[in-house]
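User: I'm new to reading protein structures. Could you walk me through this one, a feature at a time?

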Amino acid sequence: MRKLTVRERVLLLLLAIIALASGYVLLFYLPATQRLESLDAQIAQSQELADQLANRLASQQRMEKEIEQLSAQGAQVPYMPSYDNLQAVMVELHTILAGCQEYSISFQSEQGENHVFYRHVSIPFTCGSYAQAQEVLQKLHDSALRGLLENVQLSQQEDGTVKAFATMTFFEYQTAETAQKTQ
């Protein structure tokens with residue numbers, strides 16, 4: 001076997017150094033860097049989730065304070081009825097609209113998200129006077145059922161009667177109990 005020349009030894013030493021450096025980069029540096037980037041992304045995601053939860057908690061605490069203040073003032077806090085409250089809605093509407101000359105009630109299909117369902121109801125009605133129409137609209141607004149009065153239109157006819165149109169949105173809450181009953 002022959003002896004290696006100085007040049008060959010230097011080249012072998014350089015090759016060994018390059019092999020060691022490449023091995024370090026491939027086996028230790030790159031995986032560690034990727035792991036750190038992954039952990040940074042998880043930290044950012046966790047921080048975003050923590051911020052969202054903190055906002056929700058602050059909102060819930062603010063709502064609870066408002067409810068306590070209303071209760072302390074003696075105001076009756078309206079509740080959201082359980083899902084599939086159609087019968088009660090119809091009874092309430094018929095009671096409010098009983099004094100009208102004519103009325104009809106048209107329900108649109110209910111929609112919901114996050115256990116809160118809403119039901120749109122179109123309510124055209126005819127009353128004898130503007131004051132009577134205003135009273136009906138006020139009763140709809142002040143209804144014991146949780147709802148939102150929208151799209152109110154009033155027009156006086158030639159015979160003095162007032163034709164009115166309103167859209168009412170009623171809200172209902174679906175508990176786990178009512179969800180099982182409807183399935």
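**Reading the model step by step**

Analyst: Let's start with one residue: at 40% relative accessibility, Lys 139 counts as partly exposed. Keep in mind that this is a predicted model.

User: Which residue forms a salt bridge with Lys 139?

Analyst: The general idea is to look for a Lys or Arg side-chain nitrogen within 4 Å of a carboxyl oxygen of Asp or Glu. Here, Lys 139 pairs with Glu 135, and their closest N and O atoms are 3.4 Å apart. Glu 135 is partly exposed too, with a relative accessible area of 45%.

User: How many residues apart are Lys 139 and Glu 135 in helix H3?

Analyst: First the general bit: an α-helix has 3.6 residues a turn, so residues three or four places apart point the same way. Now the case: Lys 139 and Glu 135 are 4 residues apart in helix H3, so about one helical turn separates them.

User: How many salt bridges does the structure hold?

Analyst: There are 2 salt bridges. Besides the pair in H3, the side chains of Arg 2 and Glu 8 meet at 2.9 Å, N to O. Arg 2 counts as exposed at 56% relative accessibility, while Glu 8 is partly exposed, with a relative accessible area of 26%.

User: Back to H3, then. How many residues has the helix, and how far does H3 reach?

Analyst: A handy check on a helix is to compare its span with the one expected at 1.5 Å a residue. H3 runs over residues 130-141, which is 12 residues, and reaches 16 Å from its first C-alpha to its last, close to the expected 16 Å.

User: Which residues of H3 are buried?

Analyst: Go by relative accessible area: under 20% means buried. In H3, Ala 133, Val 136, Leu 137 and Leu 140 are buried. They cover an arc of only 95 degrees around the axis, so they sit on the same side of H3. On the face turned away from that buried side you'll find the exposed residues Ala 131 and His 141.

User: What do the buried residues of H3 pack against?

Analyst: Their partners are helix H2 (86-97) and three strands: S4 (116-127), S5 (147-156) and S6 (162-173).

User: Let's look at strand S4. Is Ser 122, which lies there, buried or exposed?

Analyst: Ser 122 counts as buried, at 14% relative accessibility. To read its surroundings, skip residues up to four places away in sequence and see what Ser 122 still touches: Ser 104, Ile 105, Ser 106, Gln 108, Phe 165 and Ala 166.

User: And what about loops? Where does Thr 161 lie?

Analyst: Thr 161 lies in the loop between S5 and S6. Being in a loop doesn't settle the burial question, so check the number: Thr 161 is buried, with a relative accessible area of 11%. The Thr 161 side chain also makes a polar contact with the side chain of Asp 159, at 2.7 Å. Leaving out residues up to four places away in sequence, Thr 161 touches several others, including Gln 101, Thr 126 and Cys 127.

User: Why is there no disulfide between Cys 100 and Cys 127?

Analyst: For a disulfide, two cysteine sulfur atoms must be within 2.5 Å. The sulfur of Cys 100 is 3.6 Å from that of Cys 127, its closest cysteine sulfur, so the pair is too far apart for a bond. The count comes to 0 disulfides. Both cysteines are buried: Cys 100 at 10% relative accessibility and Cys 127 at 0%.

Methods. Residues are numbered from 1 along each chain as its sequence is written. This is a predicted model: local features need pLDDT of at least 70, side-chain atom pairs count only at pLDDT 80 or more; totals for chains, interfaces and linings use all residues. Side-chain values use heavy atoms; hydrogens and water are left out. Helices (H or I, at least four residues) and strands (E, at least two) are DSSP runs, numbered from the N terminus. The expected span of a helix is 1.5 Å times one less than its number of residues. Buried means under 20% relative accessible area, exposed over 50%, partly exposed in between (1.4 Å probe, protein chains only). The arc is that of the directions from the helix axis to the C-beta atoms. Contact means heavy atoms within 4.5 Å. A polar contact is a pair of N or O atoms within 3.5 Å; within protein, one must be able to donate a hydrogen and the other to accept it, and residues adjacent in sequence count only if both atoms are side-chain atoms.
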